[in-house]
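Reader: I'm new to this and would love a close look at just one part of this protein. Could you walk me through it slowly, and tell me what surrounds it?

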Amino acid sequence: MTGCAGFVGSHLSEALVSAGHEVVGVDAFTDYYARSAKEENLARLESRPGFSLVEGDLAEMALEPLVAGTQGVYHLAAQPGVRGSWGETFSVYVHDNVVASQRLFEAAAAQGVRVVFASSSSIYGDAEAFPTSEDARPRPVSPYGVTKLSCEHLASAYERNFGLDWVGMRFFTVYGPRQRPDMAFSRILSALASGTCFTLNGNGRQSRDFTYVEDAVSATVGAMARGGRGAVYNVGGGAETTMLDVIDICQGLSGLTLDVERDEKAAGDVRRTAADTTRIRKDVGWAPKMALADGLAAHLASVLAQTEGHHDDRARRAS
């Protein structure tokens, strides 16, 4: 498992260990957000048998010894984020996404090990039709989306030339407890919990197909077991909602009013996403289970618990 300390990776690691699997987790603990947050993500795994952590950079470390003897590799490691992928930091995305994935695909192909790879709805850009099927023409509008599409093409090239067995998962805006702090839901809920301001990019009428993290995990596990070789699958929660409606739901759940500051639309943000999940339903037998309001309630509860914990820590230090 790569990217085991991240948002989806930590949930997937827990699910696999709970199911009785042995998981070797690899993470580079990059500085996209605080290492302490990633260490908190792994807190529930530290004392559990069946999980071990290897810290290292996939673009530089020896990979075949890690891959050898495994039943499969879940490849979730990546430099995330559309907005940070412009300018000089693009080289980081090339290193962490493209180069790292190329090396992992090569190692997995050499060992005959299946890879389930976390791609992104960002490969579609401003899609031609909604809901968007996997057969839609990719046209990413951010460097991040370009790197994810590049990784899909690399996997396909390794399949064609070296027999790589791989499955691609195009995740649509995953949310839930432990979501990255830069993502919209985390920022909205944290602002509500702390009474601070939330910056809304654009007019708020942009919509997304939001997917609860446990649904994303079950889709990923299912793809390892039943996904077609070389297939790519949309993973969407079926809850396309505007940002303005999300804010209303969060305010209703919390009983609080969000202080919203408006800003311009961010470069690389798309107007709309909506996943056609027909293929994964048919091939894998997967369907999302979590309703958006229920998922947001669970996400809010985790943010409130974390906020209270930080308050308690500060109080203890002050005394």
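Author: Let's take helix α1, residues 7-18, in this predicted model. Start with a ruler check: at 1.5 Å a residue, its twelve residues should span 16 Å, and the C-alpha atoms at the two ends are 17 Å apart, so the expected and computed lengths agree.

Next, how covered is it? Mostly: ten of the twelve residues in α1 are buried. Going along the helix, the buried ones are F7, V8, G9, S10, H11, L12, S13, E14, L16 and V17. And what are they tucked against? The buried residues of α1 pack against two helices, α2 (35-41) and α7 (213-226), and against the strands β1 (23-27), β2 (51-55), β3 (73-75) and β6 (174-175). Right after α1 ends, look for G20, which has a positive phi of about 95°.

For a helix-on-helix view, hop over to α4 (residues 90-111) and α5 (residues 143-162). Their axes come within 10 Å and cross at roughly 15°. With angles under 35 degrees counting as roughly parallel, α4 and α5 are therefore roughly parallel to each other. Their crossing is right-handed. On the α4 side, the residues that meet α5 include F90, Y93, V98 and F105. On the α5 side, those that meet α4 include P143, Y144, L154 and F162. Sort the residues of this contact by type and you get twelve nonpolar, five polar and one charged.

Notes: Residues numbered from 1 in each chain as written. Predicted model: local features only at pLDDT ≥ 70, side-chain atom pairs only at ≥ 80, totals over all residues. Heavy atoms only, no water. Axes fitted to C-alpha atoms, helices over the stretch in contact; angles between N-to-C directions. Helix = DSSP H or I, 4+ residues; strand = E, 2+ residues; numbered from the N terminus. Parallel < 35°, antiparallel > 145°, perpendicular 65-115°, else oblique. Left-handed = near helix turned anticlockwise from the far one by under 90°. Contact = heavy atoms within 4.5 Å. Nonpolar A, V, L, I, M, F, W, Y, C, P; charged D, E, K, R; others polar. Expected span 1.5 Å × (residues − 1). Buried < 20%, exposed > 50% of the residue type's maximum accessible area, 1.4 Å probe, protein only.
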